[in-house]
Amino acid sequence: MYNRRKFLKTSAIATTLIATAKRGMALSKSNQISGNATLPVVISTWDFGIAANQEAWKTLSAGGRSLDAVEAGVKIPEADLKNHSVGKAGFPDRDGHVTLDACIMDEQGNCGAVAGMEYIAHPISVARAVMEKTPHVLLVGDGATQFAVEQGFKKEKLLTPESEKAWKEWLKKGEYKPVINIENKSYDALPGNQGNHDTIGMLAIDAKGNISGACTTSGMAWKLHGRVGDSPIIGAGLFVDNEVGGATSTGVGEEVIRNVGSFLVVELMRQGYSPTDACKEAVNRIIKKKPETAKNIQVGFLAINKKGEYGAYAIQKGFSYAVCTAEKQDLLVKGDSHY
Ligand code: SD4
């Protein structure tokens with residue numbers, strides 16, 4: 001009996017030591033801090049994140065809730081008709097339908113999402129309504145549109161003449177090929193106007209230290225009708241854990257879903273990885289599984305931890321993100337990358 005008890009005690013100590021050693025290993029890798037902000041803070045993907053952050057900042061600087069901030073922030077690119085991959089004026093699928101994906105998550109782990117939703121210009125607000133007014137997390141297609149209309153959202157045509165023109169141009173060849181970093185190319189500069197992916201993912205911590213996130217997109221342009229990417233999938237395109245931090249993604253959603261990317265980033269931060277290192281590890285898993293595919297696609301992760309430290313990492317060069325704090329409202333940072 002004595003021996004058994006002694007054995008159990010010894011093995012418990014050994015397990016603790018191994019766990020501590022593993023944690024120490026993780027911690028020793030996590031020294032790369034890209035940015036460290038005083039609270040409140042808001043960060044978001046790509047250059048258009050600057051204007052979105054500025055809107056979110058109005059709520060945060062007034063002591064408001066991070067959930068309200070992220071919703072208000074991402075509505076800016078959703079409403080921007082020059083932006084062809086978020087909200088109204090998003091490029092359609094190959095059949096000419098503009099179908100929108102979005103999700104939102106708050107500090108209590110509540111979340112809501114819509115996918116493949118047509119005719120409603122602000123999917124992020126419908127996602128919030130799903131979260132707050134239904135027992136569900138995700139509504140898709142016609143059901144999402146129907147719910148939105150019942151909630152008082154206006155039904156409107158989302159395909160603008162410019163997007164329709166680009167789609168008709170694309171139909172001439174009908175070639176489906178993601179364009180790397182399309183988010184940072186102007187519409188006119190696109191080869192055959194083939195802008196076909198772009199997402200805003202936003203993470204905010206309010207003055208009380210509470211974290212929320214939002215992610216919204218029209219997905220890959222010229223996608224198959226019915227295709228849903230990572231952006232409305234909780235854990236893939238966005239994940240928030242108020243004890244740890246939040247993460248969001250941009251790029252080819254299929255690879256993010258396959259690796260449950262944003263959840264992975266948050267879990268790595270829980271183990272002690274810095275935001276940048278957690279994003280890097282998530283990207284490395286994608287590359288390791290499909291090195292050839294990874295050469296020709298973009299996937300980027302953006303993350304923030306509870307302390308307000310933030311960072312990003314992408315497969316390809318050219319991934320930028322915007323940061324807004326009391327010190328600076330329009331900071332644009334170049335994310336690190338594998339290539
Ligand atoms: C998707 N992840 O639908 C989105 C597109 C995107 O930058 O992020 N583009 O797969």
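**Close-up views of a predicted model**

**Ser-163 is found in helix 6, which covers residues 161–173.** The model shown here and in the views that follow is predicted. Ser-163 has a relative accessibility of 0%, and because buried means under 20%, this serine counts as buried. The side chain of Ser-163 makes a polar contact with the side chain of His-84, at 3.2 Å. If neighbours within four places in sequence are left aside, the residues in contact with Ser-163 are His-84, Ala-89, Gly-90, Phe-91 and Pro-92.

**Ala-89, one of the residues in contact with Ser-163, has a positive phi of about 80 degrees although it is not a glycine.** Most residues other than glycine have a negative phi. Ala-89 belongs to the loop between helix 3 and strand 3, and with a relative accessible area of 0% it is buried.

**Helix 3, residues 66–79, has the length expected from its number of residues.** The reasoning is that 14 residues, at 1.5 Å a residue, should span 20 Å, and the end C-alpha atoms of helix 3 are indeed 20 Å apart, which agrees. The buried residues of helix 3 are Ser-66, Leu-67, Ala-69, Val-70, Glu-71, Gly-73, Val-74, Pro-77 and Glu-78. These buried residues pack against helix 2 (49–61), strand 3 (100–105), helix 4, strand 6 (199–205) and strand 7 (211–217).

**The axes of helix 3 and helix 4 come within 8 Å and cross at roughly 150 degrees.** Angles over 145 degrees count as roughly antiparallel, and the two helices are therefore described in that way. On the side of helix 3, the residues that meet helix 4 are Leu-67, Asp-68, Glu-71, Val-74, Lys-75 and Glu-78, while helix 4 contributes Pro-123, Ile-124, Ser-125, Arg-128, Met-131 and Glu-132. Sorted by class, this contact has five nonpolar residues, one polar residue and six charged residues.

**Helix 4 (residues 123–133) also meets helix 5 (residues 141–150), and their axes come within 10 Å and cross at roughly 85 degrees.** This crossing makes helix 4 roughly perpendicular to helix 5. Val-126, Ala-129 and Val-130 of helix 4 make the contact together with Ala-144, Phe-147 and Ala-148 of helix 5. By class, the contact between helix 4 and helix 5 has six nonpolar residues, with no polar and no charged ones.

**Helix 8, residues 261–270, is largely enclosed by the rest of the structure, because seven of its ten residues are buried.** The buried residues of helix 8 are Gly-261, Ser-262, Leu-264, Val-265, Val-266, Leu-268 and Met-269. Among the elements that cover them are strand 8, strand 9 (245–251), helix 7 (253–258), helix 9 (275–289) and strand 10 (299–305). Gly-272 follows helix 8 and has a positive phi, near 115 degrees.

**Gly-219 and Trp-222 both lie in the loop between strand 7 and strand 8.** Gly-219 has a relative accessible area of 8% and is buried, and Trp-222, with a relative accessible area of 0%, is buried as well. Trp-222 has a positive phi of about 65 degrees although it is not a glycine. Gly-219 and Gly-87 are 132 residues apart along the chain, and their C-alpha atoms are separated by 9.8 Å.

**Ile-315 has its place in the loop between strand 11 (309–314) and strand 12 (320–324).** With a relative accessible area of 0%, Ile-315 is buried. When its neighbours within four places in sequence are left aside, the residues in contact with Ile-315 include Val-283, Ile-286, Ile-287, Ala-294 and Ile-297, as well as Ser-337, His-338 and Tyr-339. Ile-315 and Tyr-339 are 24 residues apart in sequence, and the distance between them in space is 6.2 Å, C-alpha to C-alpha.

**Leu-39 and Pro-40 are joined by a cis peptide bond, with an omega of about -5 degrees.** Most peptide bonds are trans. Pro-40 lies in the loop between strand 1 (35–36) and strand 2 (41–45).

**The protein chain as a whole, as a setting for the views above, has ten helices and 14 strands.** Of its 339 residues, 56% are buried. Among the contacts in the chain with a separation of 6 or more, 66% are between residues 24 or more positions apart.

Technical notes:
Residues are numbered from 1 along each chain as its sequence is written. This is a predicted model: local features need pLDDT of at least 70, side-chain atom pairs count only at pLDDT 80 or more; totals for chains, interfaces and linings use all residues. Side-chain values use heavy atoms; hydrogens and water are left out. Axes are lines fitted to C-alpha atoms, for helices over the stretch in contact, and angles run from 0 to 180 degrees between N-to-C directions. Helices (H or I, at least four residues) and strands (E, at least two) are DSSP runs, numbered from the N terminus. Angles under 35 degrees count as roughly parallel, over 145 as roughly antiparallel, 65 to 115 as roughly perpendicular and the rest as oblique. Contact means heavy atoms within 4.5 Å. Ala, Val, Leu, Ile, Met, Phe, Trp, Tyr, Cys and Pro count as nonpolar, Asp, Glu, Lys and Arg as charged, and the others, Gly among them, as polar. The expected span of a helix is 1.5 Å times one less than its number of residues. Buried means under 20% relative accessible area, exposed over 50%, partly exposed in between (1.4 Å probe, protein chains only). A polar contact is a pair of N or O atoms within 3.5 Å; within protein, one must be able to donate a hydrogen and the other to accept it, and residues adjacent in sequence count only if both atoms are side-chain atoms.
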